[in-house]
Amino acid sequence: MGDFFQLDKPIPYEGPSSRKALAYRWYNPEHKVMGKTLAEHLRFAVCYWHSFSWTGVDPFGAETLLRPWQKPGDEMANARLKADAAFEMFELLGVPFFTFHDRDIAPEGGALGEFEKNVWEIAKVFEAKMKRSGVRLLWGTANLFTHRRYMAGAATNPDPEVFAYAAAQVKTAMDVTKALNGEGYVLWGGREGYETLLNTDMKRELQQLGRFLTLVVEYKHRIGFEGSIYIEPKPKEPTKHQYDYDVASVYGLLKAHGLEKEIKVNIEQNHAVLAGHSFEHEIALAEALGILGSIDINRGDYLLGWDTDQFAMNVPELVLAFCQIIKAGGFTTGGLNFDAKIRRQSIDSEDLLQAHVGSMDACARAFLIASKMIDDRALELPLKSRYEGWDSQLARRMVQGELGLEQIADYVKKNRIDPQPRSGRQEHLESIVNNYL
Ligand code: XUL
Ligand code: CO
């Protein structure tokens with residue numbers, strides 16, 4: 001199909017008994033469950049940055065992934081070569097979507113105008129490839145964290161010219177996302193935070209961030225972009241204190257600026273873990289607050305305190321996350337974006353395919369298990385019974401605000417209320433989950 005992966009046809013679904021390295025065992029895109037195909041439920045996307053821009057560098061070592069488009073030479077020719085390899089992979093995997101940052105796809109060149117020209121040129125290349133292949137854009141974004149001008153943040157920079165530069169970059173990235181019919185636009189506050197209060201006016205920076213988000217939402221409506229805007233929470237790395245720490249703090253930020261109906265969250269597993277939460281906690285909280293949007297599917301290492309961005313392969317953990325996603329009604333504009341990178345020793349082009357196939361299978365398998373549990377109401381019934389007391393008249397009157405503290409106190413005394421503790425049955429519930437694995 002192309003030059004980089006040297007495979008002549010897309011990776012097939014062969015079922016659980018297949019012994020082939022490059023075959024799907026669980027991800028059958030056509031398989032229908034709960035009224036939709038797996039492809040429609042899972043909405044997989046491949047990200048451009050880890051898969052095609054990352055070279056395998058770490059703080060101690062140089063490039064290990066020697067890609068042909070990273071050789072010195074004509075940078076735009078390299079960007080086109082990279083796009084060829086990217087679409088070759090999207091089609092081999094059979095993923096419906098991809099995602100990108102402006103900087104992943106085109107060289108920055110000199111001034112902003114040159115960068116914009118380069119981005120649009122590659123966007124045109126994408127347009128033709130998307131038309132031919134049917135691959136769509138899940139979301140676009142702007143990289144507001146790599147260049148040294150952003151070392152003290154973008155929207156929250158002490159220098160208003162950096163704020164302006166970031167705004168200009170986001171405008172183009174949104175225009176390109178709209179032109180490519182993207183289903184969403186992500187804002188990850190790469191350096192929207194601080195290192196020390198000795199040099200930081202936090203109150204001012206939070207106001208700047210609110211203004212920036214408002215500008216984005218206003219622009220979205222002005223240009224008629226129908227996709228969703230997402231913020232991607234992350235607690236630390238790069239900065240020590242990130243303003244978009246987790247779902248709860250993003251919600252607070254949105255509420256403070258009246259944007260909670262305009263912006264949703266793109267939740268990433270590794271970021272949830274870094275924030276001291278489970279992945280399913282962040283999903284359930286976003287759903288409870290009405291801001292669940294999309295997922296960056298990956299896996300953090302519990303022994304390391306940084307963003308390892310590994311491919312999600314842990315089925316039992318994924319089952320708990322999918323239970324929450326299904327309960328929330330699944331995705332609309334969102335999906336599962338592989339914000340995941342192969343390990344730096346995985347140097348063969350086949351490793352890139354293998355990583356995605358393995359993780360798509362893990363997600364499909366977990367989704368099928370979760371959907372069966374939900375279908376059987378395996379956890380729903382015990383949960384319902386745990387809260388059944390809230391159907392009582394007293395409960396209803398308390399919740400609806402009919403009773404004040406003094407009336408509630410009278411009621412307790414008059415009716416000699418003496419609550420009896422009930423078991424939380426955690427081990428029983430954990431065993432139920434295990435029975436489905
Ligand atoms: C960084 C991260 C980003 C966002 C997009 O940790 O997750 O790649 O997903 O900017
Ligand atoms: Co991410």
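Student: In this predicted model, what covers the buried residues of helix α10?

Tutor: The cover of those buried residues includes α8 (247-256), β10 (263-268), α9 (269-274), β11 (292-296) and α11 (315-327). The helix itself spans residues 279-289, and the buried residues in it are Phe-279, Glu-282, Ile-283 and Ala-286.

Student: Why can we say that the buried residues of α10 line one face of the helix?

Tutor: Looking down the axis of α10, one finds its buried residues within an arc of 100°, so they line one face of the helix. Just after α10 comes Gly-290, which has a positive phi, near 75°.

Student: Why is Asp-309 called buried?

Tutor: Buried means under 20% relative accessible area, and Asp-309 has a relative accessible area of 5%, so Asp-309 is buried. This residue lies in the loop between β11 and α11, and its phi, near 50°, is a positive value in a residue other than glycine.

Student: And what makes Arg-425 count as partly exposed?

Tutor: The class of partly exposed residues lies between the limits of 20% and 50%, and Arg-425 has 45% relative accessibility, so Arg-425 counts as partly exposed. Arg-425 also has a positive phi, of about 55°, although it is not a glycine, and its place is in the loop between α15 (405-414) and α16 (426-436).

Student: How do you know that strands β4 and β5 pair?

Tutor: Pairing requires at least two bridges between the strands, and 5 bridges join β4 (residues 97-101) to β5, so the two are paired, and they run parallel. One of the partners is Arg-136 in β5, which is bridged to Phe-97.

Student: What joins β5 to β6, and in which sense do they pair?

Tutor: There are 2 bridges between β5 and β6 (residues 184-187), and the pairing is in the parallel sense. Between these strands the chain passes through helix α6 (residues 160-179), and this β-α-β crossover is right-handed.

Student: What makes β5 mostly covered?

Tutor: In β5 (residues 136-141), 5 of the 6 residues are buried.

Student: Which residues touch the most other members of the largest nonpolar core?

Tutor: They are Phe-52, Phe-90, Phe-98, Phe-126 and Phe-322, in a core of 113 residues. Helix α12 (residues 349-375) gives the most to this core, with 13 residues. Apart from this core lies another, of 8 residues, among them Ala-45, Leu-138, Trp-139 and Tyr-230.

Terms used. Residues are numbered from 1 along each chain as its sequence is written. Chains are lettered from A and ligands numbered from 1 in the order in which they are written. This is a predicted model: local features need pLDDT of at least 70, side-chain atom pairs count only at pLDDT 80 or more; totals for chains, interfaces and linings use all residues. Side-chain values use heavy atoms; hydrogens and water are left out. Buried means under 20% relative accessible area, exposed over 50%, partly exposed in between (1.4 Å probe, protein chains only). Helices (H or I, at least four residues) and strands (E, at least two) are DSSP runs, numbered from the N terminus. A crossover is right-handed if, with the strands pointing away from the viewer, the path from the first strand over the helix to the second runs clockwise. A nonpolar core is a set of buried Ala, Val, Leu, Ile, Met, Phe, Trp, Tyr and Cys residues joined through side-chain atoms within 4.5 Å. The arc is that of the directions from the helix axis to the C-beta atoms. Contact means heavy atoms within 4.5 Å.
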